[in-house]
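Notebook open, coffee poured. Here is what I looked up today, in the order I got to it.

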Amino acid sequence: NISVDAGAQGVLAAEIVAAGAAYGGSDAFAGEKINLEFVSANPTGPIHIGGVRWAAVGDALGRIFTMTGAEVTREYYFNDHGGQIDRYSSSLLASAQGRPAPEDGYGGGYIDDVAKAVIARRPDVLSLPDDEAQEVFRAEGVDMMFTEIKQSLHDFGVDFDVYFHEDDLHTSGAVARAVARLTELGNTYEQDGALWLRTEQFGDDKDRVVIKSDGEGSYLSGDLAYYLDKRERGFDRCFIMLGADHHGYVGRMMAMCAAFGDTPHENLEILIGQMVNLLRDGQPLRMSKRAGTVITIDDLVEAIGVDAARYALSRFSSDSTIDLDLDLWSTQSSDNPVYYVQYAHARVSSILRNGADLGLAPAGDDFDPSLLSHEKEGELLRALAELPRVVTAAAQLREPHRVARYLEETAASYHRFYDNCRVLPMGDEEPNDLHRARLLLVAATRTVLGNGLALLGVSAPERM
RNA sequence: GCCCCCGUAGCUCAGGGGAUAGAGCGCCGCCCUCCGGAGGCGGAAGCGAAGGUUCGAAUCCUUCCGGGGGCACCA
């Protein structure tokens with residue numbers, strides 16, 4: 001048992017304020033080049049709720065890795081190749097011609113909107129033969145959807161460093177090179193006219209086709225070429241964040257990683273986020289992209305706002321399926337934990353404002369730290385001291401929700417301090433060193449709450 | 001059939017093998033003489049079941065039960 005003198009921890013308040021935006025950082029991941037691939041929703045429709053979870057959590061994880069010293073690159077893998085794009089473009093064409101969506105095509109109002117927009121941009125399109133018209137709808141439709149997706153993500157506070165096009169992998173020869181590499185390593189074979197990757201010997205359930213018998217690359221061929229590309233760009237840690245409906249993909253991806261001679265779960269990590277269910281009036285919303293009954297990222301933002309959406313999606317473990325009640329999260333009440341944290345920040349800001357109005361500044365480095373000896377001051381100081389450990393743990397465990405939970409605890413500590421310790425002089429009381437010391441503690445709290453909220457991409461309001 | 005995730009308070013969820021398992025909401029009872037009551041204080045209430053490993057298990061292992069999601073030469 002070690003007892004620490006009250007003055008010893010009081011020093012921390014000055015250190016936190018001095019460190020400012022850097023407080024909470026570390027060098028735990030210094031020198032690491034980390035590649036984060038997330039969202040990567042198909043350009044055949046708006047981003048729906050499943051992609052939004054990783055938009056919030058993946059971006060937060062990127063901020064956390066950066067805070068721990070890593071060099072982070074965010075990537076969006078843009079699946080603009082293959083059969084789904086054909087179905088998308090034929091659906092657009094059908095809409096433009098006033099026909100119903102094809103059997104396996106996409107429905108929903110956004111298809112009509114995109115089709116109209118393509119016609120507006122290319123008025124001649126309907127006079128072209130169907131195959132040429134469909135090609136126009138493909139190129140323009142993909143471009144427009146992609147632009148819309150980027151904008152939605154930007155509005156959500158998420159910007160990617162690299163938007164990678166799957167189609168480029170196939171046209172640039174990257175797929176062929178990656179497949180050749182695996183063949184050199186003796187990890188492929190031909191059967192039934194297709195080329196197979198020996199994933200089973202690297203732990204997968206069975207071998208997988210890389211080049212289909214029609215000569216086209218399979219979906220996996222794009223992913224393995226993409227992985228090789230990332231490795232050649234110098235990323236020692238490649239993260240891919242997927243929804244639970246893709247968990248079956250992990251085995252073959254890890255096997256592919258091993259087939260290249262890499263170390264699975266080290267050079268390549270795949271994070272699986274469980275499903276997000278939306279509730280309205282306590283009833284689950286059933287969503288289908290083809291039926292057009294999707295809840296998009298924009299719908300979510302409109303319903304509950306960016307801060308609440310990002311916070312709501314970030315405060316739970318990715319292993320948990322989450323149910324978001326839109327009614328609950330759209331009422332701006334204390335039902336929503338983000339307000340609890342933001343309110344603490346607003347209160348902190350208010351005191352600092354009021355202090356400044358009184359001409360009272362937080363204590364400087366030379367203050368007497370033993371002034372902060374109240375039980376609640378000690379509790380708050382110990383909470384503030386935790387931030388670097390929490391951030392490091394969040395990075396090591398890939399669990400941004402730890403930051404959110406920590407902020408809630410810290411906000412609670414602050415509220416308790418506030419109710420027990422008067423900060424500013426009362427009435428015409430003369431300002432003294434204790435006022436200034438407590439003001440320093442308040443300033444340190446603002447630093448911690450502000451830095452923590454920034455890691456989650458949630459605003460830290462001065463007023464609410 | 002096989003694989004993945006979950007099961008902790010009435011509800012939504014935290015809990016990195018270690019002390020008396022925590023928070024928000026809800027419920028009951030309190031606290032405004034000055035810094036923001038979107039706050040604070042007190043109370044009732046819980047680890048799905050059974051084995052095992054360990055000095056010690058909500059946590060690790062096995063089985064069972066319950067819920068969710070997967071298992072293509074689709075992407």
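I began with the surface near RNA strand B, sorted by class: I noted 24 nonpolar, 22 polar and 15 charged residues. Worth jotting down right away: this is a predicted model.

Next I checked how many residues surround RNA strand B, and got 61. The closest ones are Gly82, Asp192, Tyr219, Gly248 and Ala393. The elements that each bring two or more residues to that surface are α3, β11 (322–325), α13 (337–357), α15 and α16. Which of them gives the most? That turned out to be α13, with nine residues.

Then I went to α15, since it was on my list for the RNA surface. It covers residues 387–397, and I found Leu387, Val390, Val391, Thr392, Ala394 and Ala395 buried there. What do these buried residues pack against? I wrote down four helices' worth of labels: α2 (49–67), α14 (375–385), α16 (401–420) and α17 (433–456). Right after α15 comes Arg398, and its phi is positive, near 55°.

Last stop was α3, also on the RNA list. I looked at how α3 (residues 83–96) sits against α4 (residues 109–121): their axes come within 9 Å and cross at roughly 75°. Angles from 65 to 115 degrees count as roughly perpendicular, so that is what I call α3 and α4. On the α3 side, the contact uses Ser91, Leu92, Ser95 and Ala96. They meet Ile111, Asp112, Val114, Ala115, Val118 and Ile119 of α4. Sorted by class, this contact has seven nonpolar, two polar and one charged residues.

Key
Residues numbered from 1 in each chain as written. Chains lettered and ligands numbered in written order. Predicted model: local features only at pLDDT ≥ 70, side-chain atom pairs only at ≥ 80, totals over all residues. Axes fitted to C-alpha atoms, helices over the stretch in contact; angles between N-to-C directions. Parallel < 35°, antiparallel > 145°, perpendicular 65-115°, else oblique. Contact = placed C-beta atoms within 7 Å. Nonpolar A, V, L, I, M, F, W, Y, C, P; charged D, E, K, R; others polar. Buried ≥ 20, exposed ≤ 12 C-beta atoms within 10 Å, placed from the backbone. Near = placed C-beta within 6 Å.
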